[in-house]
Amino acid sequence: MKFIVSSQTLLKQLQSIGGVLNSSNTLPILDNFLFEINDQKLTISCSDLESTMTSTIPIDAKSEGNIAIPAKMLLDILKTFPNHPLTFSIDEKMGIEISSDYGKYKLSGFSGAEFPKSPVIEAPSTVTISSFIFQRAIEKTIFASGNDDLRPVMSGIFVQLSESDLTFVATDAHKLVRYTRNDVKSSSPASFIVPKKPMNLLKGLLQNFDGDVTINYNESNASIAFNDILLICRLVDGKYPNYDAVIPKENPNRLTVDRNSFFQSIKRVSIFANKTTHQVRLKINGSELNISAEDVDFSNEANERLTCSYEGESMEIGFNSRFLNEMLQNTDSDNVIFELSAPNRAGILIPDNSDDGEDILMLVMPVMLNS
């Protein structure tokens with residue numbers, strides 16, 4: 001088996017899909033990239049058993065076949081080359097020789113037959129979304145997903161398709177984000193939970209791609225295809241919590257404040273908060289928002305005042321500053337609206353000016369204030 005490929009083209013493709021690779025694998029074969037040559041095309045795959053990513057590039061090949069090549073070694077050598085052609089020659093004993101203008105390099109590969117086969121998605125449903133919308137939906141929700149292995153449904157992103165809109169939801173039981181697009185519709189309503197790792201990989205890859213993303217899915221798996229990349233992942237098995245029931249519907253108190261001032265203020269004040277609870281106290285009265293934090297054990301204390309617009313009764317409420325910071329960091333409007341009902345009920349954060357067709361709602365649970 002012999003083929004010629006540009007070093008930088010190959011490196012770019014390997015780096016695109018290489019995020020799937022784990023640092024420690026149960027199966028040694030998963031430390032490799034699978035190279036398959038067919039019809040003057042090179043298809044490269046890598047997998048962690050839960051997700052498989054493949055990428056296809058045109059090459060100049062003398063024959064067809066497949067081989068598994070050690071991933072780390074291949075990436076390390078490719079990073080050292082400027083952009084020029086490399087010739088890969090593979091013998092019957094899976095010995096690999098790479099020839100370049102600089103010299104020759106030999107390493108051992110493994111039989112491609114040992115590599116796990118990608119799951120075939122039978123009887124799939126299909127939906128097509130623009131890469132911008134898909135990337136933005138992931139970006140706006142993924143930070144709110146959980147990391148608890150005991151509650152796997154919360155460690156993914158819930159995707160809900162309906163005849164009127166597309167909704168992405170993520171929650172870790174302390175904070176929740178619901179991202180809805182009314183400009184994406186599906187003829188057949190469906191819902192599924194995509195794990196966090198493949199969503200994180202897609203978030204990065206879709207930033208550099210402008211076009212459509214095709215999603216095929218059934219009960220257990222989903223495939224996401226765009227450009228020359230295909231990601232197949234196992235969906236999270238389980239029922240997603242009823243997130244609508246958690247969102248308070250009656251919120252008579254409405255605070256509007258400059259997002260950046262609020263964000264910077266919380267960042268500064270939270271340095272003085274208790275290191276276990278990260279609690280900051282919001283005291284709202286008329287057009288004044290007072291943000292304070294204290295750590296009694298170390299006599300640390302901070303107070304700041306912001307001007308705001310507020311409709312409702314005076315209120316004092318506590319939040320975990322880390323959750324507030326994450327939400328404000330992932331909001332790109334000039335002002336944010338904070339809807340509150342009572343000190344023991346969840347607060348709702350809404351960007352003041354969302355894009356057309358976009359509806360973002362962020363919910364954060366309060367923490368009990370020490371009197």
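Which strands does helix α2 (residues 71-78) lie across? Helix α2 lies across β2 (32-38) and β6 (65-70), and it runs at about 80° to β6. Axes here are lines fitted to C-alpha atoms, for helices over the stretch in contact, with angles from 0 to 180 degrees between N-to-C directions. Helices (H or I, at least four residues) and strands (E, at least two) are DSSP runs numbered from the N terminus.

This is a predicted model, in which local features need pLDDT of at least 70 and side-chain atom pairs count only at pLDDT 80 or more, while totals for chains, interfaces and linings use all residues. Residues are numbered from 1 along each chain as its sequence is written, and side-chain values use heavy atoms, with hydrogens and water left out.

An open sheet of nine strands, with antiparallel pairing, follows the order β10-β6-β2-β3-β4-β18-β17-β16-β11; its edge strands, β10 (110-111) and β11 (125-130), each pair on one side only. Two strands pair if DSSP finds at least two bridges between them. Strand β17 (residues 221-226) is joined to β18 (residues 229-234) by six bridges in the antiparallel sense, and Ile224 stands opposite Leu231 in β18. Helix α3 (residues 131-141) packs on the sheet, where it touches (contact: heavy atoms within 4.5 Å) β11, β16 (212-217) and β17, its direction making about 90° with that of β11.

Two cysteines are buried, a term for under 20% relative accessible area (exposed is over 50%, partly exposed in between; 1.4 Å probe, protein chains only):

| Residue | Relative accessibility |
|---|---|
| Cys233 | 1% |
| Cys308 | 11% |

With a disulfide defined as a pair of cysteine sulfur atoms within 2.5 Å, the count is zero. Cys233 forms no such bond because its sulfur is 13 Å from the closest cysteine sulfur, in Cys46.
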